[in-house]
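Open the model in your viewer and set it to a cartoon view. Each stop below names what to select and then says what is there.

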Amino acid sequence: MNNLILASASERRSHILNDLGYSFEVIVPVTREAFYPENARRTAKENSMLKNSEIRRLRPNNIVLSADTVIEFNGRTIAKPSCMDEARSFLREFSGRTHRVLTAVTISGPNNLPETEIEESSVTFKELDNTAIEEYLEKTDPLHKAGAYNIDQHGEMIIKSFAGSYTNVMGLPAELVSKWLKKIQ
């Protein structure tokens, strides 16, 4: 697919799309992200649509794929931590508990209007003490990941189990993306 654009700065999303065998161009959208503290689903959907809309406006003859991942935990929206202290706080809160990972994916093309779907997975954390949290943070960069973690980067240190799409927890549900791109080709 020669005209596919990934509207994302996420290396994980690029990696997933590359692993699916697609060639694509990355254009990072510059948008002001929406944040609804008590509505994770709306936050993810609106941000994915905003990213898609910006790149689609710039490149209307291309297929544009965008996504946004947030965590829903105890009725709250958890996005990327703003600092290391907030990352620690997120991991402490998740300790021994389950949360939902929501990734909204939007795809549009020259002959079709944007379509958005939200993929949902659940993740259960191990019981984490301060030592386990610090060891995890020493091995990762939590600041660019929803909830301050990456299942694919030392996830075994903190995650007890998950249900749903593994790649969704990483930030781009491969199964949904494959289905859509095959339909568009």
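**Stop one: a central strand**

Select residues 98–109, which make up strand β5; ten of the twelve residues are buried, so the rest of the structure largely encloses this strand. Keep in mind that the model is predicted.

**Stop two: the neighbours of β5**

Add β3 (63–73) to the selection. β3 and β5 run antiparallel and are joined by nine bridges. One pair to pick out is E72 with its bridge partner in β5, R100.

Now add strand β6, residues 112–125, which pairs with β5 in the antiparallel sense through eleven bridges. Here T98 has T124 in β6 as its bridge partner. Look at the turn as well: β5 and β6 form a hairpin, with two residues between them. While the strands are on screen, show their side chains. In a regular strand, side chains alternate between the two faces of the sheet.

**Stop three: R100 and its partners**

Which residues form salt bridges with R100? One is E72, where the closest N and O atoms are 1.6 Å apart. R100 lies in strand β5 and E72 in strand β3, so this pair ties together parts that are 28 residues apart in sequence. Another is E120, with its closest N and O atoms 2.7 Å from those of R100. E120 lies in strand β6, so its pair with R100 ties together parts that are 20 residues apart in sequence. Add R41 to the selection: salt bridges that share partners join R41, E72, R100 and E120 into one network.

Are these side chains buried or exposed? R100 counts as partly exposed, because its relative accessibility is 28%, and E120 is also partly exposed, at 33%.

**Stop four: a link between helices**

The structure holds eleven salt bridges. For another of them, select R88 and E134, whose closest N and O atoms are 2.5 Å apart. R88 is in helix α3 (residues 84–94) and E134 is in helix α4, so the pair ties together parts that are 46 residues apart in sequence. E134 is partly exposed, with a relative accessible area of 27%.

**Stop five: two loop residues**

Select N74, in the loop between β3 and β4 (76–78). N74 is not a glycine, yet its phi is positive, at about 55 degrees.

Finish at H154, in the loop between α4 (130–139) and β7 (159–163). Its phi is near 60 degrees, again a positive value in a residue other than glycine. H154 is partly exposed, with a relative accessible area of 30%.

Terms used
Residues are numbered from 1 along each chain as its sequence is written. This is a predicted model: local features need pLDDT of at least 70, side-chain atom pairs count only at pLDDT 80 or more; totals for chains, interfaces and linings use all residues. Side-chain values use heavy atoms; hydrogens and water are left out. Helices (H or I, at least four residues) and strands (E, at least two) are DSSP runs, numbered from the N terminus. Buried means under 20% relative accessible area, exposed over 50%, partly exposed in between (1.4 Å probe, protein chains only). Two strands pair if DSSP finds at least two bridges between them. A salt bridge is a side-chain nitrogen of Lys or Arg within 4 Å of a carboxyl oxygen of Asp or Glu.
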